[in-house]
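Visitor: I would like a close look at a single part of this model, the sheet, and at how its strands are arranged and covered. Please take me through it slowly, and then set it against the rest of the chain.

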Amino acid sequence: MLSQGVMLDRHVLPTIIKACAGLSFLNTGKQAASTGCFAYSALLAGYARKGCVKETKELFSKRADEGVELNLVSWNGMIAGFNHSGRHLEAVIMFQKMHLEAFKPDGTSISSVLSAVGDLEMLILGFQIHGYAIKMGIGQDKCVVSALIDMYGKCACTLEMSEVFDEMCQMDVGACNALVMGLSRNGLVDNALKVFRQFKGQGIELNVVSWTSIIGSCSQNGKDIEALELFREMQLVGVKPNSVTIPCLLPACGNIAALMHGKAAHCFSLKSGISSNVYVGSALIDMYAKCGRIHVSKLCFDMMLTRNLVSWNALMAGYAMHGKTKEAIDIFQWMQRSGPKPDFVSFICVLSACSQGGLTDEGWYYFRSMSKDYGIEARLEHYACMVNLLGRAGRLQEAHTMIKQMPFKPDACVWGALLSSCRVHNNVSLGEIAAKKLFELEPRNPGNYILLSNIYASKAMWDEVNMVRNMMKSKGLRKNPGCSWIEIKSKVHMLVAGDNSHPQMAQIIEKLAELSIEMKKSGCFPDTDFVLQDVEEQDKEQILCGHSEKLAVVLGLLNTSPGSSIQVIKNLRICGDCHAVIKFISSFEKREIFVRDTNRFHHFKDGVCSCRDYW
DNA sequence: CTAGGGTTAG
């Protein structure tokens, strides 16, 4: 541009400076900044955006020496910049400084600082700024209104949030978006969906932010199919998804193993040129892993131009979930050598990988290394991983000792890890201890009662089994129904244990009966230990119909071409009987079958499972 | 150069 004799003007230069800051060519930026307020503002904002507190403050105090007068944009840039880089407190401090220097904030200043105030949950300050904005006469500024809604939402003040919305004078998409987010943030997804529909019905021009928000809310709150439908709908009404929409949608695909939808989103990213975005890339790694395609996750990882901590963690978590312990540890070591510094999530991933592979020594090694070499203090999650690792390896006493010695109060995850291990090894005495704690911590979780009752049943302690069942009955609890999903030709089918409503149910039952005859012929018999768990009257129909994962696998057999692979996901852990049956199916029908349960992936091929029966 | 929606674990 310069070589062609085109002069830089005051509008072009700030853009260049901002780009320099973004690319960490900060020195280049500094040289360019000596040209006045516009450039100064851009550099300040650039530093703040990168989270460079020290540099921002240095440059900020230097401006007087250089005789540069800062304006409103300079202040707003810093506040927004700090906010963007997660330095919320710095953003608030900047706003207060601005106030002290008697600079009059505008709607942008107020909305930036309110966002930070919300993240810090400084409700009192939020109220004060609300009052201040009204006093300044900008209480109805569009940015201010939506920022107030956002702030009250983050502070869990849904009442104040709705008040601001109802009292606003002029309808605005931003405010609508903030309201939808605020509702879902506070666990009111159904309300969020309802108001979203209302807005759409009222003819409000919903934009990409509106659609992205509602899609993200759905995929974060178990409304995965809704998320997929909304994604389709937004394109139908002509709103183009962008590099934020895709990472919001992909978890929904992963959650229900909707590989075709995930692939479609991947194609969309490639076509629209956003596939090199870090968020998109990391979300793709996660999606492919959760859809059973861990090798594609690795390809996505390798192809990424820039990776961040989340990309690395997502790949490790994927390997852990697939029981590929060695690969997970390799990635961890690669990361130690030439990746970002591992964080607490990285350690959760590597510990859970060790746990899947039964590597207790390595687990202990990483657990200790975490605080010793990385200065990361173990959290509840890490203890839960360790209890799981030790317990499943049969070292139940050691697991219990670990719980007793941990520096904070164990939560339900920790005790739950012990109880499941006790179920694996059928340890009554420790199982009772864990269950007793869990009944206090989460009295309404049926899973804990079921586990204890199964432990008793495995030892033929029928009086105790009945006692636990009666406890459940008296609390009005029922076993969570087993539920499995399978995607066939881009349509997701849900099968619930004991529910015969699927139109192909008769065929499924027929096919299952055939398979069961074949299985007996080849000398395989169901695992009686697992049959015991279904002695209750209410579960009789489940024995007849089979567990949901079995039904889903058979549905897959019936509706896909011979030899193609099948993937199923389940909301509970796979049962031993189904595990045996699916192993048989994989060899008898010559199919690769992927089953993802709450814990991990089971990859069945030629009659064996990738978990090597350790789960 | 100035807001709003974002990926990983459990």
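Guide: A residue is called buried here when its relative accessible area is under 20%, exposed when that value is over 50%, and partly exposed in between. The model is a predicted one, and the values below are computed from it.

With that cut-off in hand, strand β1, which covers residues 483–488, can be described as mostly covered, since six of its six residues are buried. In a regular strand the side chains alternate between the two faces of the sheet. In β1, C483, W485 and E487 point one way, while S484, I486 and I488 point the other way, and all are buried.

On one side, β1 is joined to β2 by six bridges, with the two strands running antiparallel, and within this pairing E487 stands opposite V492 of β2. The two strands form a hairpin with two residues between them, in which K489 takes a positive phi near 50°. The other pairing of β1 is with strand β3, residues 566–570, to which it is joined by three bridges, again in the antiparallel sense; here I486 stands opposite V568 of β3.

These pairings belong to an open sheet of six strands, whose order is β2-β1-β3-β4-β5-β6 and whose pairing is mixed. At the edges stand β2, residues 491–496, and β6, each with a single partner strand, so one side of each is left without a neighbour in the sheet.

Following the order towards the β6 edge, one comes to strand β4 (residues 593–596), which pairs with strand β5 (residues 601–605) in the antiparallel sense over four bridges. A hairpin of four residues joins β4 to β5, and across this pair I593 stands opposite F604 of β5. F604 also has a bridge partner in β6, namely C609, so that this phenylalanine is a convenient point from which to read both pairings of β5. The pairing of β5 with strand β6, residues 608–609, is antiparallel too and rests on two bridges.

Between β5 and β6 there is a hairpin with two residues in the turn, one of which is D606. The phi of D606 is near 50°, a positive value in a residue other than glycine, and the residue lies in the loop between the two strands. Its relative accessibility is 61%, and D606 therefore counts as exposed, the cut-off for that class being over 50%.

A positive phi also appears away from the sheet, at N426, where the angle is about 45° although the residue is not a glycine. N426 lies in the loop between α25 (412–425) and α26 (428–441). With a relative accessibility of 17%, which is under the 20% cut-off, N426 counts as buried, whereas D606 is exposed.

For a buried position in a helix, one may turn to F347, which is found in α21, residues 344–357, and has a relative accessible area of 0%. Leaving aside residues up to four places away in sequence, F347 touches F332, P342, Y366, M370, Y374, I376 and H382. The C-alpha atoms of F347 and N313 are 8.9 Å apart in space, although the two residues are 34 positions apart in sequence.

The surface offers another kind of environment: L89, I93, L120 and M122 form a nonpolar patch there, with about 290 Å² of accessible area together. Of these residues, I93 sits in helix α6, residues 88–100, and is partly exposed, with a relative accessible area of 32%.

Finally, to place the sheet in its setting, chain A as a whole contains 33 helices and six strands. Its radius of gyration is 28 Å, close to the 25 Å that the globule rule gives for 615 residues, so chain A is as compact as a globular protein of that length. Taken along the principal axes, its C-alpha atoms fill a box of roughly 90 × 55 × 55 Å. Of the 615 residues, 52% count as buried, and the chain exposes about 28500 Å², of which carbon and sulfur atoms supply 56%. Among the contacts in chain A with a separation of 6 or more, 64% come from residues 24 or more positions apart.

Note on methods: Residues numbered from 1 in each chain as written. Chains lettered and ligands numbered in written order. Predicted model: local features only at pLDDT ≥ 70, side-chain atom pairs only at ≥ 80, totals over all residues. Heavy atoms only, no water. Patch = residues over 30% accessible without salt bridge, like charges linked within 9 Å, V, L, I, M, F, W, Y side chains within 5 Å. Areas by Shrake-Rupley, 256 points an atom, 1.4 Å probe, with all protein chains shown as cover. Salt bridge = Lys/Arg side-chain N within 4 Å of Asp/Glu carboxyl O. Buried < 20%, exposed > 50% of the residue type's maximum accessible area, 1.4 Å probe, protein only. Pairing = 2+ DSSP bridges. Rg over C-alpha atoms; globule rule 2.2 N^0.38 Å. Contact = heavy atoms within 4.5 Å.
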